[in-house]
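The exercises below are meant to be worked with the sequence and the coordinates open side by side. Each task is followed by a solution that proceeds in steps.

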Amino acid sequence: MQSISSPTNHPLKTLINPHHHHRRRRPFVSHLRPSTATDFSGGIGHCRADWQSSCAILSSKVLNNSSSSAASDADGNTSASASASVNGHLSLDLVPVAADQQTHLLPKPLTIANLSPDPMHGSLLRVAYQGVPGAYSEAAAGKAYPKCEAIPCDQFEVAFQAVELWIADRAVLPVENSLGGSIHRNYDLLLRHRLHIVGEVQLPVHHCLLALPGVRKEHLTRVISHPQALAQCELTLTKLGLNVAREAVDDTAGAAEFVAANGLRDTAAIASARAAELYGMQVLADGIHDDSSNVTRFVMLAREPIIPRTDRPFKTSIVFAHDREGTSVLFKVLSAFAFRDISLTKIESRPHRNHPIRVVDDANVGTAKHFEYLFYVDFEASMAEVRAQNALAEIQEFTSFLRVLGSYPMDMTPWSPSSSQSRCD
């Protein structure tokens, strides 16, 4: 049984402790100081500063192949410093230490393995997700990359940063739910960061009512979970006779962890069956969501895009804006796709943060203010297809901003509410 850590002042946002030996991985957080940073001794350095310095040295073009040849003496013998070079660069020792201490104190040097392409799809990738172990995002990461090492993060933006800083290879983040709609925060982050969408995965959501062992429903005085989970189970909770207080927290699995860590016998959590297993809780009621067709769509993010293909169904995501014509540009975009028989699967508008309001002066009607929008569009076509290339070329003529977020394979996996995936097993 998974052990539960002692209560803290903020149980839903936990710092990484390199001396903490619980089996359960703690969320990665963005505000770590060097003295408490994650221990990278098994990989590149002893803290994030070492790791960033190593990457900066490795990516530098100052040292090239001539560095190793310059280390050779007149007899053609290579010096010790040259023999310690890595990929044509000098040794990445960051702090000079005594020779007898090098084995224990120096960070492990980078090798060609650190520069090679990412492993094949699903092979031992480090995948960042938002939440704690037992979250639906963790299940989505496991479905997208079955053999991955899942890295929990306390915020969506931390997951983006983990990929950008090479702490993770991929990120799997939700963008929309069939009942709750779009996750606007992640659409904003897609524009702010330079990661690329390389795939998608759809995960059925299966909510359970969890409590500590021995607790009965009539003992409960409140239910906690993510706001969307509470809304998705509202009718069922009423039918179960649970007319109790309902409080929102950051995520579903975090609610289960909070109840277990603090020994709250008057509080239940709405989360997955896997969360019950991880935190030693019992399932009071299974499948308590009001609508069985509850599916969340996740996107897989990477530092580099994938090469689009035409031998399987692809989807392409774009974002565009126009600073003069306002929302009238949307009609032209739709026409460009309709003329080429390209199906759109999603249109999402978000306020343009840099230019939120446009002022229009007209002598006949006076001064008017209009909101400026960015438009996110998903369409069913690969960027390898000529029709998609021509559509974007036409759209680019009357937009002031156009960016392809990714062209990636569609998730064609069949699912049903009663499938084992819905239980996040």
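**Exercise 1.** In which loop does F398 lie? Establish also whether F398 is buried or exposed.

*Solution.* The model is a predicted one, and the first step is to place the residue along the chain: F398 sits in the loop that connects helix 13 (386-397) with strand 17 (401-409). The second step is to look at its relative accessible area, which is 13%; because buried means under 20%, F398 counts as buried. As a third step, take H322, which is 76 residues away from F398 in sequence, while the C-alpha atoms of the two are 7.4 Å apart in space.

**Exercise 2.** Determine the strand order of the open sheet of five strands, and identify its edges.

*Solution.* Reading across the sheet, the order is 8-7-9-6-10, and the pairing is mixed. The edges are strand 8 (245-248) and strand 10 (282-286), each of which pairs on one side only. From one strand to the next, the twist averages 30 degrees. To examine one pairing in detail, take strand 6 (residues 208-211) and strand 10, which run antiparallel and are joined by four bridges; within this pairing, L210 is found opposite V283 of strand 10. Finally, helix 10 (residues 252-262) lies across strand 6, strand 7 (222-225) and strand 9 (267-271), and its direction makes an angle of about 155 degrees with strand 9.

**Exercise 3.** Which residues of the largest nonpolar core touch the most other members, and which elements each supply at least two residues to this core?

*Solution.* The core has 36 residues, and those touching the most other members are L209, L210, A256, I270 and Y279. At least two residues each come from strand 6, strand 7, helix 8 (227-232), helix 10, strand 9 and helix 11 (273-278), with helix 10 giving the most, namely five residues. Following A256 outward, and leaving aside residues up to four places away in sequence, one finds that A256 touches L210, A269, A271, A275, Y279 and M281. Another core, of 26 residues, lies apart from the one just described and includes I151, V175, I197 and Y376.

**Exercise 4.** Which strands are joined to strand 16 by five bridges and by seven bridges?

*Solution.* Strand 12 (residues 314-321) is joined to strand 16 by five bridges, and the two run antiparallel; in this pairing, T316 has F379 as its bridge partner. Strand 13 (residues 344-351) also runs antiparallel to strand 16, with seven bridges between them, and here E348 stands opposite Y376. Turning to burial, strand 16 (residues 373-379) is mostly covered, since six of its seven residues are buried.

**Exercise 5.** How many residues of helix 5 are buried, and how many disulfides does the whole structure contain?

*Solution.* Helix 5 (residues 136-144) has nine residues, of which seven are buried; these are Y136, S137, E138, A139, A140, A141 and A144. For the second part, a search of the whole structure returns zero disulfides. Two cysteines may be inspected individually: C153 is buried, with a relative accessible area of 0%, and C208 is likewise buried at 0%. To set these local results against the chain, note that 46% of its 425 residues are buried, and that its accessible surface comes to about 21,500 Å², with 53% belonging to carbon and sulfur atoms.

Definitions and conventions. Residues numbered from 1 in each chain as written. Predicted model: local features only at pLDDT ≥ 70, side-chain atom pairs only at ≥ 80, totals over all residues. Heavy atoms only, no water. Pairing = 2+ DSSP bridges. Axes fitted to C-alpha atoms, helices over the stretch in contact; angles between N-to-C directions. Contact = heavy atoms within 4.5 Å. Core = buried A, V, L, I, M, F, W, Y, C linked by side-chain atoms within 4.5 Å. Buried < 20%, exposed > 50% of the residue type's maximum accessible area, 1.4 Å probe, protein only. Areas by Shrake-Rupley, 256 points an atom, 1.4 Å probe, with all protein chains shown as cover. Disulfide = S-S within 2.5 Å.
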